[in-house]
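Q: Got a minute to go through this one with me? Let's put it up and take it piece by piece.

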Amino acid sequence: LGIKVDTLKLSPEEWNRTNKIRRLDEHGKLVVDYLIDEEYARVLANSRKKNRPRLMYIDSYSYPVSAGVGSFVETERPEKILVPECAEAEEADYVLTVKGDSMEPEFHDGDKVYVVQQPAVDIGEIGIFMINDEAFIKKLGKGQLISLNEKYKPIPLKKDDSIYCCGKVIGIVEELEEE
């Protein structure tokens, strides 16, 4: 007839178990069904717990770092946020939010990034930089800060500017799944 039928292949142990269940009276079958349902729910709940990432708290500053033309940064106290436990979260000192598209395709508007606080980064590394009280996420070049998005020109570092490296960007915070 051209109909494919999936055949259920049971192991000898499964055949033996099935035959035992078939020989039970109605009360015995109810007890076995109840036990199977309870055990299935327990195993399912445990597997969901294993798939859930462990969480940890980290400092987060609400001001965004510009991935565009700059944003004014005010001194503020960090808030504690929950992030998935991972190597980057363990190493990072704080989290900042990216604003703009100049660091695409690697960093997008609204991404939260892990930052290790340090006074300098090597050429070619992504850092958080304060230039004249504006915060930027950029790649350090020779005498300039570079956007990853080619539609943005590099920002030259002038000797009259107030320039400060806040730290090195080491990763993006994974979004927590809502349940």
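A: Before the layout, one bit of bookkeeping: helices and strands here are DSSP runs, numbered from the N terminus, with at least four residues for a helix and at least two for a strand. Also, this is a predicted model.

Q: Okay, so what pattern does the protein follow along the sequence?
A: It reads α-α-β-β-β-α-β-β-β-β-β-β-β. That comes to 3 helices and 10 strands.

Q: Where is confidence lowest, and where is it highest?
A: Strand S2 (residues 71-72) is the low point with a mean pLDDT of 45, while strand S8 (residues 144-146) tops out at 95. The protein averages 85, and 84% of the residues score at least 70. Where pLDDT is low, don't read the predicted coordinates in detail.

Q: Switching to the inside: how many residues are in the largest nonpolar core?
A: There are 16, and Leu96, Phe107 and Val113 are among those with the most contacts inside it. Strands S1, S4, S5, S6, S7 and S10 each give two or more residues to this core.

Q: And what does Phe107 touch?
A: Leaving out residues up to four places away in sequence, its contacts are Val98, Val113, Ile126, Ile137, Leu148, Val169 and Ile172. There's also a second, separate core of 9 residues, including Met56 and Val173.

Q: What about the surface, which residues form a nonpolar patch?
A: Leu55, Tyr57, Leu82 and Leu176, with about 380 Å² of accessible area together.

Q: Why does Leu82 count as partly exposed?
A: Because its relative accessible area is 38%, and partly exposed runs from 20% to 50%. Leu82 sits in strand S3 (residues 79-84).

Note on methods: Residues are numbered from 1 along each chain as its sequence is written. This is a predicted model: local features need pLDDT of at least 70, side-chain atom pairs count only at pLDDT 80 or more; totals for chains, interfaces and linings use all residues. Side-chain values use heavy atoms; hydrogens and water are left out. pLDDT is the predictor's confidence in each residue, from 0 to 100. Patches are made of residues with over 30% relative accessible area and no salt bridge: like charges are joined within 9 Å, nonpolar side chains (Val, Leu, Ile, Met, Phe, Trp, Tyr) within 5 Å. Accessible areas come from the Shrake-Rupley method with a 1.4 Å probe; for residues, only the protein chains shown count as cover. A salt bridge is a side-chain nitrogen of Lys or Arg within 4 Å of a carboxyl oxygen of Asp or Glu. Buried means under 20% relative accessible area, exposed over 50%, partly exposed in between (1.4 Å probe, protein chains only). A nonpolar core is a set of buried Ala, Val, Leu, Ile, Met, Phe, Trp, Tyr and Cys residues joined through side-chain atoms within 4.5 Å. Contact means heavy atoms within 4.5 Å.
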